[in-house]
Amino acid sequence: MSQSDTPHLDPLALEDIGIAAVLTDIEGTTSDISFVKNVLFPYAAEHLPAFVREHADDPQVKHQLMLVAGEIGWVEADTETLIGVLLRWIEDDRKVTPLKTLQGMIWDVGYRQGDFTGHLYTDAHDYLQRWHQAGIELYVFSSGSVPAQKLLFGFSDFGDLTPLFSGYFDTTTGAKRERVAYQRIQAEIDLPAPCILFLSDIAEELDAARAAGMKTCELRRDGQPASGRHPVATDFTEVPCK
């Protein structure tokens, strides 16, 4: 199917097409990918060595380091070795839960110190507000840890937006390209799958959500080509809404 043949969602109110909840990705969907790649990742890489050394004996950090050691199959690895592994994972953008958890701890410091705020597209902010006011439940599903998600929305360019959301999901729920993750989310949200609309810029994630019975919409910002497998919106103004 060519891009011109890609199905588009009509600009109807979400409730008019039976949508009671929106589940949204972050990177490339609500927020610019460059914020994560050019701000958050470099900040974590710069501060991770000192943070881990300083907090290596803290129970939460110690537990994450044990998980890293288990991931590489070297339970006796020392702190400096694990720091090296974590830095390589950051460089490779590995979706590994202990890395995401440690990054979230480091970003917590950065957000609270005012080193940066969480980027949010204006259209995403406006329509998340509008859907919330209309009674649509809002949820987040991102590869970033739940604490990191809450920080981005809690310290966003538009202030604290966490009251808009009913829940957050990360890779502890399951891989974002696997149907079972969306089945678990649907069970947690406790709504019929067709009443949940998933927004993402990754076609394979949308494929998995649709396989679980959810409605889908593919965000293709900045002229990026669409997969042709899902309804498409160039921003939140083209997602079904009032």
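1. Helix H6 is a good place to begin reading this predicted model, since most of the helix is covered, with seven of its nine residues buried. The buried residues are Val146, Ala148, Gln149, Leu151, Leu152, Phe153 and Gly154. They pack against several other elements, namely helix H1, helix H4, helix H5 (122-133), strand S2 (137-141) and strand S3.

2. After H6, which spans residues 146-154, the chain enters a loop that runs to strand S3 (167-169), and Ser156 lies in this loop. Ser156 is counted as buried because its relative accessible area is 5%, which is under the 20% limit for that class. A polar atom of the Ser156 side chain is placed 2.7 Å from the backbone oxygen of Gly159. When residues up to four places away in sequence are not counted, Ser156 touches Thr117, Gly118 and Leu161.

3. Phe165 belongs to the loop between H6 and S3 as well, and with a relative accessible area of 9% Phe165 is buried. Leaving aside neighbours within four places in sequence, the residues in contact with Phe165 are Leu128, Leu138, Tyr139, Val140 and Phe153. For one of these, Val140, the C-alpha atom is separated from that of Phe165 by 7.7 Å, although the two residues are 25 residues apart along the chain. Phe153, also in that list of contacts, is one of the buried residues of H6.

4. A further buried residue to look at is Gln103, which is found in helix H4. Its relative accessible area is 1%, and Gln103 is therefore classed as buried. Not counting residues up to four places away in sequence, Gln103 touches Phe41, Ala44 and Ile90.

5. How many salt bridges does a search of the whole structure find? The search returns ten, and one of them joins the side chains of Glu205 and Lys176, with an N to O distance of 3.3 Å. This pair links distant parts of the chain, for Glu205 sits in helix H8 (residues 203-211) while Lys176 sits in the loop between S3 and helix H7 (179-189), and the two are 29 residues apart. Glu205 is buried, with a relative accessible area of 8%, and Lys176 is buried, also with a value of 8%. Through salt bridges that share partners, Asp25, Lys176 and Glu205 are joined into one network.

6. Two other salt bridges deserve a reader's attention. The side chains of Asp93 and Lys95 meet at 3.3 Å, N to O, and here both partners are partly exposed, Asp93 with a relative accessible area of 27% and Lys95 with one of 43%. Both values fall between the 20% and 50% limits, and the two residues are therefore called partly exposed rather than buried or exposed. The side chains of Glu218 and Arg220 form a salt bridge at 3.5 Å, N to O, and in this case both Glu218 and Arg220 are buried.

7. Which residues lie nearest the centre of the largest pocket? They are Lys95, Ser143, Arg177, Ile202 and Glu205, out of 18 residues that line this pocket. Two of these names have already appeared, Lys95 as a salt-bridge partner of Asp93 and Glu205 as a partner of Lys176. The volume of the pocket is about 440 Å³. By class, its lining is made up of three nonpolar, five polar and ten charged residues.

8. The structure also holds one cavity of 30 Å³ or more, and about 130 Å³ of space lies in the largest cavity. Val36, Leu40, Trp107, Ser142 and Gly144 are the closest to its centre among the 13 residues that line it. Helix H1 (33-55), helix H4 (97-113) and H6 each give two or more residues to this lining, and H1 and H4 are also among the elements against which the buried residues of H6 pack. The lining of the largest cavity divides into seven nonpolar, four polar and two charged residues.

Terms used:
Residues are numbered from 1 along each chain as its sequence is written. This is a predicted model: local features need pLDDT of at least 70, side-chain atom pairs count only at pLDDT 80 or more; totals for chains, interfaces and linings use all residues. Side-chain values use heavy atoms; hydrogens and water are left out. Helices (H or I, at least four residues) and strands (E, at least two) are DSSP runs, numbered from the N terminus. Buried means under 20% relative accessible area, exposed over 50%, partly exposed in between (1.4 Å probe, protein chains only). A polar contact is a pair of N or O atoms within 3.5 Å; within protein, one must be able to donate a hydrogen and the other to accept it, and residues adjacent in sequence count only if both atoms are side-chain atoms. Contact means heavy atoms within 4.5 Å. A salt bridge is a side-chain nitrogen of Lys or Arg within 4 Å of a carboxyl oxygen of Asp or Glu. On a 1 Å grid over the protein atoms alone, a cavity is a set of points where a 1.4 Å probe fits but cannot get out, and a pocket is an open set with protein on both sides within 12 Å along at least five of seven lines; lining residues have an atom within 4 Å of a point. Grid points are joined across faces, edges and corners, and a volume is the space filled by probe spheres set on the points. Ala, Val, Leu, Ile, Met, Phe, Trp, Tyr, Cys and Pro count as nonpolar, Asp, Glu, Lys and Arg as charged, and the others, Gly among them, as polar.
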